[in-house]
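This report describes the fold, the helix packing and the side-chain interactions of one protein chain. The sequence and the structure are shown first, and the description follows.

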Amino acid sequence: MTILSAAISLFLVFNVLGNIPFYIALLRKYTPKRQKLILTRELIFSFIILLGFAFFGEAILKGIGISEGTLGISGGIILFIIAMTMIFPKHSSEGVPDHEPFIVPIAIPGMAGPGSITAVMLYANTFQEKWALPIIILAALIPSLILLLIASNIKYLVGEKGLIAFERLGGLLICFIAIQMIASGTISLVKENFPQNQVENVRQR
């Protein structure tokens, strides 16, 4: 695996294109200038978080007793709750939280989610040159930020009805991603607690 292929893989894990409706709905009540500041700040947070997990992730998880499977399930549940508020808001203006996003849900689990955290931890074990890790993360985050900065102006082009449609679509896409994260986390949790050799012994009995 090369640095370029790792960066492309991480960019795809971010799934910015698929989550654009989610970010538009989340930031729709803010001015374009404020949206850009929020997005830039949150991606800086995500860079710091991912870099921290790249260098210290395995030790941190082992130290506090949290497995990758648990991380995947908890992140999926958070995204699922957010998706439900977008698909079935109580009122038309309540599809997303009222407060300004701060770390959650854009930095975590939007960008620095279980998938991307697992990816950078894998790269940490793959690349002997540790200087490659921040380059990989930046190479994936910079185009993601550019796409999000462009997307922040879409609400002025599609109108309120178009924005509502984007919000519902974004909620549906996030729901799919959340279920996939929960399923993957559950599978990882089962593998961690029931190794293959134990399963084979049970089958033989």
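Helices are DSSP runs of H or I with at least four residues, numbered from the N terminus. On that basis Ser144 is found in helix 7, which spans residues 132-151. The coordinates belong to a predicted model.

**Overall architecture**

The secondary structure of the protein chain comprises nine helices and zero strands. Read from the N terminus, the order of elements is α-α-α-α-α-α-α-α-α. The chain has 205 residues, of which 41% count as buried. Contacts between residues at least 6 apart in sequence were also examined, and 90% of them join residues at least 24 apart.

**Packing around helix 1**

Two packed helices are described by the angle between their axes and the distance between the axes. The table gives these values for two pairs that involve helix 1.

| Helix pair | Angle between axes | Distance between axes | Handedness of crossing |
|---|---|---|---|
| Helix 1 and helix 6 | about 165° | 9 Å | right-handed |
| Helix 1 and helix 7 | roughly 45° | within 8 Å | right-handed |

Helix 1 (residues 3-14) and helix 6 (residues 114-126) pack at an angle of about 165°. That angle makes helix 1 roughly antiparallel to helix 6. On the side of helix 1, the contact is made by Ala6, Ser9, Leu10, Val13 and Phe14, and on the side of helix 6 by Gly115, Ser116, Ala119, Val120 and Tyr123.

How are helix 1 and helix 7 oriented to each other? Their axes cross at roughly 45°, and the two helices are therefore oblique to each other. Helix 1 contributes Ile3, Ala6, Ala7, Leu10, Phe11 and Phe14 to this interface, where they meet residues of helix 7 including Ala132, Ile135, Ile136, Ala139, Ala140, Pro143, Ser144 and Leu147. Ala6, Leu10 and Phe14 are thus among the residues of helix 1 that take part in the contact with helix 6 and in the contact with helix 7.

**The environment of Ser144**

Ser144 has a relative accessibility of 0% and counts as buried. Which residues does Ser144 contact, leaving aside its neighbours within four places in sequence? They are Phe11, Phe14, Val16, Leu43 and Met111. Two of these partners, Phe11 and Phe14, belong to helix 1 and appear in its interface with helix 7.

**Salt bridges**

A search of the whole structure finds three salt bridges. In one of them Glu100 pairs with Arg34, and the closest N and O atoms are 2.9 Å apart. Glu100 lies in the loop between helix 4 (68-87) and helix 5 (106-111), whereas Arg34 lies in helix 3 (residues 32-64), so this pair ties together parts that are 66 residues apart in sequence. Both partners are partly exposed: Glu100 has a relative accessible area of 25%, and Arg34 has a relative accessibility of 31%.

The side chains of Arg41 and Glu100 also meet in a salt bridge, at 2.9 Å from N to O. Because Arg41 lies in helix 3 and Glu100 in the loop between helix 4 and helix 5, this pair ties together parts that are 59 residues apart in sequence.

Arg41 forms a further salt bridge with Glu42, with the closest N and O atoms 2.9 Å apart. Arg41 is partly exposed, with a relative accessible area of 21%, whereas Glu42 is buried at 0% relative accessibility. Arg34, Arg41, Glu42 and Glu100 are linked in a network of salt bridges.

**Aromatic pairs**

A pair of aromatic rings is described by the distance of the centres and the angle of the planes. The count of such pairs comes to three. One of them is formed by Phe55 and Phe56, whose rings are 6.3 Å apart centre to centre with 50° between the planes, a tilted arrangement. Phe55 is partly exposed at 39% relative accessibility, and Phe56 is exposed at 53%.

Tyr123 and Phe127 form an edge-to-face pair, with 6.5 Å between the centres and 80° between the planes. Both of these residues are buried. Tyr123 is also one of the residues through which helix 6 contacts helix 1.

Conventions:
Residues are numbered from 1 along each chain as its sequence is written. This is a predicted model: local features need pLDDT of at least 70, side-chain atom pairs count only at pLDDT 80 or more; totals for chains, interfaces and linings use all residues. Side-chain values use heavy atoms; hydrogens and water are left out. A salt bridge is a side-chain nitrogen of Lys or Arg within 4 Å of a carboxyl oxygen of Asp or Glu. Buried means under 20% relative accessible area, exposed over 50%, partly exposed in between (1.4 Å probe, protein chains only). Rings of Phe, Tyr and Trp (its six-membered ring) pair if their centres lie within 6.5 Å; planes under 30 degrees apart count as stacked, over 60 as edge-to-face and the rest as tilted. Axes are lines fitted to C-alpha atoms, for helices over the stretch in contact, and angles run from 0 to 180 degrees between N-to-C directions. Angles under 35 degrees count as roughly parallel, over 145 as roughly antiparallel, 65 to 115 as roughly perpendicular and the rest as oblique. A crossing is left-handed if the near helix is turned anticlockwise from the far one by less than a right angle, and right-handed if clockwise. Contact means heavy atoms within 4.5 Å.
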